[in-house]
Amino acid sequence: MQSVWALLSFGPDGWGDDLAYGVLVTVSLALVTLPLGLLIGFLVALAKQSSEASMRLAGNIYTTIFRGLPELLTLFLVFYGAQIGIQQVVRLVRPEAVVEINSFVAGMLALGVVFSSYASEVFLSAFRAIPRGQYEGGYSVGLSSRQTMRLVILPQLVRIALPGLSNLWLILLKDTALVSAIGLTDIVRQSSIAARVTKHAFMFFGVACLIYLALAIISSFGIGAIERWVGKREAQR
């Protein structure tokens, strides 16, 4: 038992520092991906309910592609494919230039587009759950389209979409494990390195499982607090 605690300790003789850094990378990646995915998902939802046929088609193509592709394949396409594409464009100006995409940025973009493709469906369902009379009521009191969206529709949209978005956040948190495939030192990669070096694979992967469960539990408490806050705001309106 002492050897286990020694392996998990902080300092030069343990792997606690490495695992803690992996937790920091995982949480940071999820937190920066979330607003990107929410923004793109909201815009795609607007496009899918637009009166313009071309906008609806573009939104449907977007969600079909990124909901249909495996997340790992999307990650590889962004990390390797985008890097090659950007390099070819840059070499038109500077032939000797070498372009490298940071694995953190690649993970953020890949997970962001996947998250947004699912979030757009949550937003779209929430939009459809709001009666048309809410829009007409806003217009009737002199609000513009933007004011109606901001003051009337968005508060209801958040309340309706929050349960679905909460589930997507938990999925995003777990999907960050995929970035270990492109070299990012997240929880899974740090656990894998520790397992190979120490030959204690079961212990370190078990610790990784416990860390993800702890993050999910903390997220559940946070989500519950947000839902209560939104409910109170809605009751005060």
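S180 touches D186, V188 and R189, leaving out residues up to four places away in sequence. In this predicted model, S180 lies in the loop between α7 and α8. S180 has a relative accessible area of 18%, under the 20% limit, and therefore counts as buried.

**Overall layout**

The protein chain contains 9 helices and 0 strands. Read along the sequence, its pattern is α-α-α-α-α-α-α-α-α. Along the principal axes, the C-alpha trace spans about 70 × 55 × 25 Å. The chain has 237 residues, of which 38% count as buried. Its exposed area is about 13,500 Å², and carbon and sulfur atoms supply 66% of that area.

Contacts between residues at least 6 apart in sequence were also sorted by separation: 71% of them join residues at least 24 apart. As for charge, the chain carries 18 positive and 13 negative charges, and the mean positions of the two sets are 9 Å apart.

**The nonpolar core**

Which residues of the largest nonpolar core touch the most other members? They are F123, F127, L157, L165 and F204, in a core of 47 residues. Two or more core residues come from each of α2, α4 (71-90), α5 (103-129), α7 (145-175), α8 (187-198) and α9 (201-236). The largest share is that of α5, with 10 residues. In soluble globular proteins, nonpolar side chains tend to be buried together.

The surroundings of F127 can be listed in detail. Not counting residues up to four places away in sequence, F127 touches F42, A45, L46, Q49, Y135, M149, I153 and L157. One of these partners, L157, is itself among the core residues that touch the most other members.

**Individual polar and charged residues**

The table sets four residues side by side.

| Residue | Relative accessible area | Class |
|---|---|---|
| K48 | 11% | buried |
| S103 | 15% | buried |
| S180 | 18% | buried |
| K199 | 70% | exposed |

K48 is placed in helix α2, which covers residues 16-48. Is K48 buried or exposed? Its relative accessibility is 11%, so K48 counts as buried, the limit being under 20%. The side chain of K48 makes a polar contact of 3.5 Å with the side chain of N60. Neighbours within four places in sequence aside, K48 is in contact with R56, G59, N60, T63, E121 and L124. N60 thus appears both in the polar contact and in the contact list of K48.

S103 belongs to helix α5. With a relative accessible area of 15%, S103 is buried. Outside the residues up to four places away in sequence, S103 touches F79, I182 and L184. The pair S103 and I182 is 79 residues apart along the chain, yet their C-alpha atoms are separated by 6.4 Å.

K199 sits in the loop between α8 and α9. Its relative accessible area is 70%, over the 50% limit, so K199 is classed as exposed. What is the phi of K199? The phi is positive, about 65°, although K199 is not a glycine. Most residues other than glycine have a negative phi.

Definitions and conventions: Residues are numbered from 1 along each chain as its sequence is written. This is a predicted model: local features need pLDDT of at least 70, side-chain atom pairs count only at pLDDT 80 or more; totals for chains, interfaces and linings use all residues. Side-chain values use heavy atoms; hydrogens and water are left out. Helices (H or I, at least four residues) and strands (E, at least two) are DSSP runs, numbered from the N terminus. Buried means under 20% relative accessible area, exposed over 50%, partly exposed in between (1.4 Å probe, protein chains only). Contact means heavy atoms within 4.5 Å. Accessible areas come from the Shrake-Rupley method with a 1.4 Å probe; for residues, only the protein chains shown count as cover. Lys and Arg count as positive and Asp and Glu as negative; His and the chain ends are not counted. The place of a charge is taken as NZ of Lys, CZ of Arg, CG of Asp or CD of Glu. A polar contact is a pair of N or O atoms within 3.5 Å; within protein, one must be able to donate a hydrogen and the other to accept it, and residues adjacent in sequence count only if both atoms are side-chain atoms. A nonpolar core is a set of buried Ala, Val, Leu, Ile, Met, Phe, Trp, Tyr and Cys residues joined through side-chain atoms within 4.5 Å.
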